[in-house]
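Good morning, everyone, and thank you for making time for this. Please have the sequence and the picture open in front of you, and let us walk through them together.

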Amino acid sequence: MIEEQVLNALSILGFRPEAIEDFGYRFDYEDLNVLYSAEDDEAHCITMAVPGVFEVTDENRHQVLEAMADVCGRVKYAQPVIAFKDHVWINYQHYVGENEITPELVEHMVRVLAYTTIQFHKTINGETDDD
């Protein structure tokens, strides 16, 4: 079962996930709130997200969409999305098939989510290098 393997990997990495009713789990990584959706067992996927990365308003919507597109072009695996109509979330979905879920895979996912969150904030604040 994917959920058990992910929770075991998180535990090995030192995380203490807290259950969220009807969703999955949450845990903290370097001041980020990370969510793990335990509903993808049938799809053989691991889905994690960093919620509420940035608030979207009518005034900044165009700038946010441009920053999201820029980050999608710069970073692999994780994608910024607008959730609940007014917040940017960073999502990472990894297909595992029948493969074993390792702590290394879970650590990679968490680090990529953190990196993508940082890159989104740098992009929205105009701090990216255009090299």
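**A walk along one chain**

Let me begin with the overall inventory, which is that the chain holds three helices and six strands. Please keep in mind throughout that what we are looking at is a predicted model. If you follow the chain along its sequence, the elements come in the pattern α-β-β-β-β-α-β-β-α.

Now to the overall dimensions. Laid along the principal axes, the C-alpha atoms fill a box of roughly 45 × 35 × 25 Å. A compact globule of 131 residues would have a radius of gyration near 14 Å, and because the chain has 15 Å, the two values agree. Of the 131 residues, 44% are buried, and the accessible surface comes to about 7800 Å², with 46% of that surface belonging to carbon and sulfur atoms. If we take the contacts between residues at least 6 apart in sequence, 58% of them join residues that are at least 24 apart. As for charge, the chain has 8 positive and 26 negative charges, and the mean positions of these two groups are 5 Å apart.

Let us turn to the strands, starting with E1 and E2. Strand E1, residues 18-20, pairs with E2 in the antiparallel sense over three bridges, and within this pairing Ala19 has Tyr25 of E2 as its bridge partner. The two strands form a hairpin with three residues between them, and in that turn Asp22 has a positive phi of about 60°.

E2 then also pairs with E3, again in the antiparallel sense, over six bridges, and here Tyr29 stands opposite Leu32 in E3. This second hairpin has two residues between its strands. One of the turn residues is Glu30, which sits in the loop between strand E2 (24-29) and strand E3 (32-37) and has a positive phi of about 45° although it is not a glycine. Is Glu30 buried or exposed? With a relative accessibility of 63%, where anything over 50% is called exposed, Glu30 counts as exposed. For strand E2 itself the picture is another one, since five of its six residues are buried, and so E2 is largely enclosed by the rest of the structure.

Further along we come to a hairpin made by E5 and E6. Strand E5 (residues 78-83) and strand E6 (residues 87-95) pair in the antiparallel sense over six bridges, with Asn91 in E6 as the bridge partner of Gln79. Three residues lie between the two strands, and Phe84 in the turn has a positive phi of about 55°. In the loop between helix H2 (61-74) and E5 we find Tyr77, a residue other than glycine whose phi is also positive, near 85°. Tyr77 is partly exposed, because its relative accessible area is 49% and the range for partly exposed ends at 50%.

Let me now move to the helices. Leu7 belongs to helix H1, residues 2-12, and at 23% relative accessibility Leu7 counts as partly exposed. Which residues does Leu7 touch, once we leave aside its neighbours within four places in sequence? They are Pro17 and Tyr25, and you will remember Tyr25 as the bridge partner of Ala19.

Helix H3, residues 103-124, contains Thr123 and also Gln119. Thr123 is buried at 14% relative accessibility, and Gln119 is buried as well, with a relative accessible area of 12%. Leaving aside neighbours within four places in sequence, Thr123 is in contact with Ala67, Asp70, Val71 and Thr128, while Gln119 is in contact with Val71 and Val75.

I would like to end with separations in sequence and in space. Glu98, in the loop between E6 and H3, is 97 residues from Met1 in sequence, and yet the C-alpha atoms of these two residues are 9.9 Å apart. Thr123 and Phe23 are 100 residues apart along the chain, and their C-alpha atoms are separated by 30 Å. For Leu7 and Asn60, which are 53 residues apart along the chain, the C-alpha separation is 37 Å. Thank you for listening.

Technical notes
Residues are numbered from 1 along each chain as its sequence is written. This is a predicted model: local features need pLDDT of at least 70, side-chain atom pairs count only at pLDDT 80 or more; totals for chains, interfaces and linings use all residues. Side-chain values use heavy atoms; hydrogens and water are left out. Two strands pair if DSSP finds at least two bridges between them. Helices (H or I, at least four residues) and strands (E, at least two) are DSSP runs, numbered from the N terminus. The radius of gyration is taken over C-alpha atoms; the globule rule is 2.2 Å times the number of residues to the power 0.38. Buried means under 20% relative accessible area, exposed over 50%, partly exposed in between (1.4 Å probe, protein chains only). Contact means heavy atoms within 4.5 Å. Accessible areas come from the Shrake-Rupley method with a 1.4 Å probe; for residues, only the protein chains shown count as cover. Lys and Arg count as positive and Asp and Glu as negative; His and the chain ends are not counted. The place of a charge is taken as NZ of Lys, CZ of Arg, CG of Asp or CD of Glu.
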